[in-house]
Amino acid sequence: MHPATSRPAALATPSRRLLLAAGGALALAPLLSACGDSKDSGSRAGGDAEGGAWSFKDDRGRTAKSGHRPKRIVAYVSTAAALYDYGIECTGIFGPSKPVGGKPNPQVGDMDVADLTSLGTAFGRFDLEKYAALKPDLLVSNMFPAPDLWYVPPESKKKIEKLAPTVGIDIARTSLLDPLKRTAELAESLGADMGAKKVTDAKARFDEAAKTLRAAAKAKGGLKVMAITGDPDNLYVAVPDSYSDLNYFKDLGVQFVEGKKSDKFGFWEFLSWEKADKYHADLIMVDNRSTAPSRKKLREKATWRELPAVEADQLTPWSMEERFSYAGFAPVLERLAAAIDKSKRLKA
């Protein structure tokens, strides 16, 4: 996912632009045939401990239903990783999961993906036959924003919907706290023990990390942070309010460069590399997805190398597709706090 998807590197065609919103609006949305509309959006429900009737109202306002608590769950890789943090294991995954530079893909979290069936790692690649063979009870994915399910191909959605109910968690244009809460609620409905020490410790660590980040931002008042990704043709500057993590970091006091919306989706400002110096930033958050350009690749661009923050090596990874669990985001907050603490204001 580049700007928004697997690769912003392909922006020549309309589909390429759609991909640009990793939080960006890609039209892939399934509406499940097994789901019914409900008016009180945001509520949730679950099955009993013995696996009785189960239901969950997702962020599309639709209720996924099953005669039993889902066990054979297929999910977008980051979503599966978040559920795993609550003890809910998936049967299959889709989305980027291959190792990066010999290291685990940052999107897999603590999962061992070797034992999971992958339905495809590239955008638009979803093996329908493999999916059907898994006999799924439920499909779960994030949304950028609703009602589209991330990495679910629109041309296959009707067939996918017929095989199992689907649930979507909205992670765009809202605070990080919302998808964190909703993912936890989904996990609980699927049987997670929310009182388990691992779960409560992760929440406590997240809360403490939020305090640390707030303190670091306050101590470095005026420090400008910019979140970016790139491709061979453009530098993409994030519109902070469109991303739930950046949105929340702003609430904690982090001062961001505010990219201007370049298209109707509103997740990025597209800058040619010749205009990469449009904004001054003291610290740059760099997209760390496997589909994003490496720092080595970025350094091939002279205008990138000349940015003050790059010259000062004031760069930090941006976990643009971190799993939406407290265990996943606590280290993210800690890392950003440390980067802000070590950075200094630079001359433009």
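This section describes the fold, the nonpolar cores and the internal spaces of a predicted model.

The protein chain contains eleven helices and 14 strands. Of its 348 residues, 56% are buried. Contacts that link distant parts of the sequence are prominent in the count: among those between residues at least 6 apart in sequence, 71% join residues at least 24 apart. One such long-range approach involves Ala-64 and Val-167, which lie 103 residues apart along the chain and whose C-alpha atoms are separated by 6.6 Å. Ala-64 belongs to strand β3 (residues 62-66), and its relative accessibility is 0%, so Ala-64 counts as buried. Val-167 falls within the range of strand β8 (166-170).

Strand β8 is part of an open sheet of five strands, arranged in the order β6-β5-β4-β7-β8 with parallel pairing. The edges of this sheet are formed by β6 (117-118) and β8; each has a single partner strand, and one side of each is therefore left without a neighbour in the sheet. At the β6 edge, strand β5 (residues 92-94) pairs with β6 in the parallel sense over two bridges. Within this pairing, Ile-93 stands opposite Ser-118 of β6.

An antiparallel arrangement is found further along the chain, where strand β10 (residues 234-238) is joined to β12 by five bridges. Val-237 is placed opposite Glu-269 in β12. Strand β12 (residues 268-272) is largely enclosed by the rest of the structure, because four of its five residues are buried.

Helix α7 (residues 244-251) is likewise mostly covered, with six of its eight residues buried. These are Ser-244, Asp-245, Leu-246, Asn-247, Tyr-248 and Phe-249. Just after the helix, Gly-253 adopts a positive phi of about 105°.

Phe-249 of α7 also has a prominent place in the largest nonpolar core: of the 84 residues in this core, Phe-249 and Leu-333 touch the most other members. The largest share of the core, nine residues, is contributed by helix α11 (residues 326-342). When residues up to four places away in sequence are not counted, Leu-333 touches Phe-206, Ala-209, Ala-210, Leu-213, Tyr-248, Phe-249 and Leu-252. Both Tyr-248 and Phe-249 are among the buried residues of α7. A second, separate core consists of 19 residues, including Ile-228, Trp-273, Leu-307 and Ala-309.

Helix α11 also takes part in the lining of the largest pocket, to which it gives the most, with five residues. This pocket has a volume of about 430 Å³. Its lining comprises 23 residues, of which Pro-106, Asn-288, Pro-317, Ser-319 and Arg-335 lie nearest the centre. At least two lining residues are supplied by each of β13 (283-287), β14 (315-318) and α11. By class, the lining is divided into nine nonpolar, seven polar and seven charged residues.

The surroundings of strand β14 can be followed through Thr-316, which is located in that strand. With a relative accessibility of 4%, Thr-316 counts as buried, the cut-off being under 20%. Leaving aside neighbours within four places in sequence, Thr-316 is in contact with Leu-283, Ile-284, Met-285, Val-286, Arg-295, Arg-335, Leu-336 and Ala-339. One of these partners, Arg-335, is also among the residues that lie nearest the centre of the largest pocket.

In addition to the pocket, a search of the whole structure finds six cavities of 30 Å³ or more. The second largest cavity holds about 60 Å³ of space. Its lining is made by Asp-85, Tyr-86, Lys-198, Val-199, Ala-202, Ser-325, Tyr-326 and Ala-327. Helices α6 (197-219) and α11 each supply at least two of the lining residues, and α6 provides the largest share, three residues. This lining has five nonpolar, one polar and two charged residues.

Helix α11 thus recurs in several of these descriptions: it contributes the largest share of the largest nonpolar core, gives the most to the lining of the largest pocket, and supplies at least two residues to the lining of the second largest cavity.

Technical notes:
Residues numbered from 1 in each chain as written. Predicted model: local features only at pLDDT ≥ 70, side-chain atom pairs only at ≥ 80, totals over all residues. Heavy atoms only, no water. Buried < 20%, exposed > 50% of the residue type's maximum accessible area, 1.4 Å probe, protein only. Pairing = 2+ DSSP bridges. Core = buried A, V, L, I, M, F, W, Y, C linked by side-chain atoms within 4.5 Å. Contact = heavy atoms within 4.5 Å. 1 Å grid on protein atoms, 1.4 Å probe; cavity = no way out; pocket = protein on both sides within 12 Å on 5 of 7 lines; lining within 4 Å. Points joined across faces, edges and corners; volume = space filled by probe spheres on them. Nonpolar A, V, L, I, M, F, W, Y, C, P; charged D, E, K, R; others polar.
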